[in-house]
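Welcome, and thank you for taking a look at this structure. Here is a short guided tour to read with the model open beside you.

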Amino acid sequence: MTARPPAETPVTLKGGDMPALSALLMKPRKARACFVLAHGAGAGMTHPFMAEVAADLYRHGVATLRFQFPFMQRGGRRPDSPVTAHAAIRAAVAEARQRCRGLPIVAGGKSFGGRMTSQAQAGKPLTGVVGLVFLGFPLHPSGKPSTARAEHLKDVQVPMLFVHGTQDKLAEPALLRGVVKRRRSLATAHRVDGADHGFHVPARSGRTDREVVTDIARVVSDWIGSLGS
């Protein structure tokens, strides 16, 4: 029998001139941390990958707050400017601190959401955030290998976890290894063999996409647990 998915609590984010944004809180009764989980440029907070990661983290005792960026809220296709995205992230982190008082807060997310979070952290540390998690960090455009998008990471002074697929066309493995190596003690990487940017794996891998998500949630949970050690 398939386990019933955890209950989600609808939340509304407000702040400054930003429009009200929809969010979803998934909080275990005995949560040990909260992950502010931002979506990517192509799909919102309810995308199956986002929902499955949140549900699996719940089973590991990690709360999640997923939220919509303004462009996704209004049904647009063009991602928000960094200024707008950063404001949404700061509002989500502030809400997480209120909803998960006393718990460690980590932030990050899928692709665009993770990169916008790291930019926000580099510009001005997100209050209460003790670590960043990137699920498919978009290091460069497809077919244009570069590390320019990672330059701001030198200003991030909290631990970072990079979860990436070895077939990710937006993060050439050797370049990402170099990025992680340069941050030494603050950066950790976990590679998902055969996975692409969306963490899809081919049938010949012997694993399903769902199994990959389960593994990702375990890795993230373990890493969060290590932050206090």
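A good place to begin is the pairing of β2 with β4, which is antiparallel and spans four bridges. Within that pairing, Met-26 has Thr-64 of β4 as its bridge partner. Please keep in mind that this is a predicted model.

On to the neighbouring pair: β1 and β2 run antiparallel and are joined by six bridges. Thr-9 stands opposite Leu-25 in β2. These two strands make a hairpin, with two residues between them. In the turn sits Gly-16, whose phi is positive at about 55°.

Now step back to the whole sheet. Eight strands make up an open sheet with mixed pairing, and their order is β1-β2-β4-β3-β5-β6-β7-β8. At the edges are β1 (9–15) and β8 (187–192), each of which pairs on one side only. From one strand to the next, the twist averages 20°.

At the β8 edge, the partner strand is β7 (residues 160–165), and the two pair in the parallel sense over six bridges. Leu-161 has Thr-188 in β8 as its bridge partner. Between β7 and β8 the chain passes through helix α5 (residues 173–183), making a right-handed β-α-β crossover.

The three pairings described so far can be set side by side:

| Strands | Sense | Bridges |
|---|---|---|
| β1 and β2 | antiparallel | six bridges |
| β2 and β4 | antiparallel | four bridges |
| β7 and β8 | parallel | six bridges |

What about the helices that meet the sheet? Helix α1 packs on the sheet and touches β2 (18–26), β3 (33–38), β4 (62–67), β5 (105–110) and β6 (129–135). The direction of α1 makes about 160° with that of β4. Helix α3 (residues 82–99) lies across β1, β2, β3, β4, β5 and β6, and runs at about 125° to β1.

Finally, have a look at the largest pocket, which holds about 310 Å³ of space. Which elements give two or more residues to its lining? They are α1 (48–59) and α6 (209–226). Helix α1 provides the largest share, with four residues.

The lining of this pocket counts 20 residues, and those nearest the centre are His-47, Phe-49, Lys-110, His-197 and Gly-198. By character, the lining residues divide into seven nonpolar, nine polar and four charged. Helix α1 thus links two parts of the tour: it packs on the sheet, and it also gives residues to the lining of the largest pocket.

Key. Residues are numbered from 1 along each chain as its sequence is written. This is a predicted model: local features need pLDDT of at least 70, side-chain atom pairs count only at pLDDT 80 or more; totals for chains, interfaces and linings use all residues. Side-chain values use heavy atoms; hydrogens and water are left out. On a 1 Å grid over the protein atoms alone, a cavity is a set of points where a 1.4 Å probe fits but cannot get out, and a pocket is an open set with protein on both sides within 12 Å along at least five of seven lines; lining residues have an atom within 4 Å of a point. Grid points are joined across faces, edges and corners, and a volume is the space filled by probe spheres set on the points. Ala, Val, Leu, Ile, Met, Phe, Trp, Tyr, Cys and Pro count as nonpolar, Asp, Glu, Lys and Arg as charged, and the others, Gly among them, as polar. Two strands pair if DSSP finds at least two bridges between them. Axes are lines fitted to C-alpha atoms, for helices over the stretch in contact, and angles run from 0 to 180 degrees between N-to-C directions. Contact means heavy atoms within 4.5 Å. A crossover is right-handed if, with the strands pointing away from the viewer, the path from the first strand over the helix to the second runs clockwise.
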